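Reader: Hi! I've got a new model open and would like to talk it through with you.

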Amino acid sequence: MPSTHSPGAQPAVEATDLRKRYGDELALDGVSLSLPSGTVYGFLGPNGAGKTTTMRLLTGLTKPTDGEARVCGTPVADRRELVSQVGYLPETPPLYEEFSAREQLDYVADLRDIPPETADERIDAYLDRFELREDAAKRIGSYSKGMKRKTAFVQSVLHDPDVLFLDEPTSGLDPRAARRIRESITDFADDGTTVFLSTHILPVVEAVADTVGVLFEGRLVAEGPPADLTDRAAAGAESETLEDAFLAVTGGDDPVEGGE
Ligand SMILES: Nc1ncnc2c1ncn2[C@@H]1O[C@H](COP(=O)(O)OP(=O)(O)OP(=O)(O)O)[C@@H](O)[C@H]1O
């Protein structure tokens, strides 16, 4: 995939030795990252590895116990400044069940200070792109899981963020909608947006990521272009897939069931 970053430019995401402790549990144990603008970072790791914690730290939703992070040069503690620069699709997104998709998106556009004309144009384009237009006036409470996921994705990108954090964006989506999301991710990156993508669906990562990071027990245990990781796995295995690489660096060789 093409990368639009220029060498020496300020990283879109920069983290140094991030740690997060919850009581006795060390959820993150010294994670450092540097992501160039306009690239897609595939963030992998088993359940409980600390992926959501990392994204919450990088979006200023929770504070690190130790370490520092900046997004587009803004310290993540400066949530007020950060809010216009980042988009975040969490695993359980905030949606008002009583609102229709259009009301929800109008509401978010207003919160984000998007001028009404621009907001209308963007909302219409996204509703069309994700085949939500016909249902846009219905209550979100009546939507399927996939329709809610698509609405949540649109609300996370509506303000055209510089860095987009996506937690399992294709979870619960049919193949067509999942493809639209994948295409959107590469389109965003081509336009200079940095995408931080956490997913268990390895073919999605293989398709869109410039760099893959594998988190295991709160530590980044592998990082590099997907092809490098698969080559490394191939050196010690019969096949050479990202799944092999993932299993090799996370210390297990049982097949991953389900994929989501
Ligand atoms: N608010 C919290 N309070 C206490 N412990 C937490 C909290 N949030 C996360 N943890 C713990 O931190 C660790 C990392 O959790 P996290 O949700 O970041 O993992 P994850 O990699 O996103 O997992 P999954 O793939 O299952 O979503 C887990 O052991 C979890 O129990």
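Reader: Let's start with Leu95: how many C-beta neighbours does it have inside 10 Å, and what does it count as?
Author: Leu95 has 18 C-beta neighbours inside 10 Å, so it counts as partly exposed. The scale works like this: 20 or more other C-beta atoms within 10 Å of a residue's own make it buried, 12 or fewer make it exposed, and anything in between is partly exposed, with C-beta atoms placed from the backbone. Before we go on, this is a predicted model: local features need pLDDT of at least 70, side-chain atom pairs count only at pLDDT 80 or more, and totals for chains, interfaces and linings use all residues. Residues are numbered from 1 along each chain as its sequence is written.

Reader: Thanks! Where is the place of Leu95, and what does it touch?
Author: Leu95 belongs to the loop between strand 6 and helix 3 (101-111). Helices (H or I, at least four residues) and strands (E, at least two) are DSSP runs, numbered from the N terminus. Not counting residues up to four places away in sequence, Leu95 touches Gln104, Ile140, Lys148, Thr151 and Ala152. A contact here is two C-beta atoms, placed from the backbone, within 7 Å. The C-alpha atoms of Leu95 and Ala152 are separated by 7.1 Å, with the two residues 57 apart along the chain.

Reader: And Glu117, buried or exposed?
Author: Glu117 is exposed, because 8 other C-beta atoms lie within 10 Å. Its place is in helix 4 (residues 116-129). From Glu117 to Gly251 the C-alpha separation is 52 Å, and the two are 134 residues apart along the chain.

Reader: On to the sheets. What is the order of the six strands?
Author: The six strands form an open sheet in the order 6-7-8-3-9-10, with mixed pairing. Its edge strands are strand 6 (86-89) and strand 10 (219-224), each pairing on one side only. Two strands pair if DSSP finds at least two bridges between them.

Reader: How many bridges join strand 6 to strand 7?
Author: Four bridges join them, and the two strands run parallel. Val86 stands opposite Val163 in strand 7. Strand 7 (residues 163-167) also pairs in the parallel sense with strand 8 (residues 194-198), over five bridges. There, Leu164 stands opposite Val195 in strand 8. Helix 6 (residues 175-190) packs on this sheet, touching strand 3 (40-44), strand 7 and strand 8, and its direction makes about 150° with that of strand 8. Such angles run from 0 to 180 degrees between N-to-C directions, with axes fitted as lines to C-alpha atoms, for helices over the stretch in contact.

Reader: Which way do the residues of strand 6 point?
Author: Val86 and Tyr88 point one way, Gly87 and Leu89 the other way, and all are buried.

Reader: What about helix 9, what does it lie across?
Author: Helix 9 (residues 242-249) lies across strand 3, strand 9 (211-216) and strand 10, running at about 35° to strand 9. The helix is mostly covered, with six of its eight residues buried. Those are Leu242, Asp244, Ala245, Phe246, Ala248 and Val249. Gly251 follows helix 9 and has a positive phi, near 80°.

Reader: There was an open sheet of four strands too. What order does that have?
Author: That sheet has the order 2-1-4-5, with antiparallel pairing. Strand 1 (residues 13-22) and strand 2 pair over eight bridges. Tyr22 has Glu25 in strand 2 as its bridge partner. Their hairpin has two residues between the strands, and Gly23 takes a positive phi near 60° there. On strand 4 (residues 66-71), which pairs with strand 1 over five bridges, Glu68 is the bridge partner of Thr16.

Reader: Last topic, the ligand. Which residues are around it?
Author: Tyr22, Glu25, Ala27, Gly45, Asn47, Gly48, Ala49, Gly50, Lys51, Thr52 and Thr53 are the residues around the ligand. Being near it takes a C-beta atom, placed from the backbone, within 6 Å.

Reader: Where does the largest share of that shell come from?
Author: Helix 1 gives the largest share, three residues. Strand 2 (25-35) and helix 1 (51-58) each supply at least two residues of the shell.
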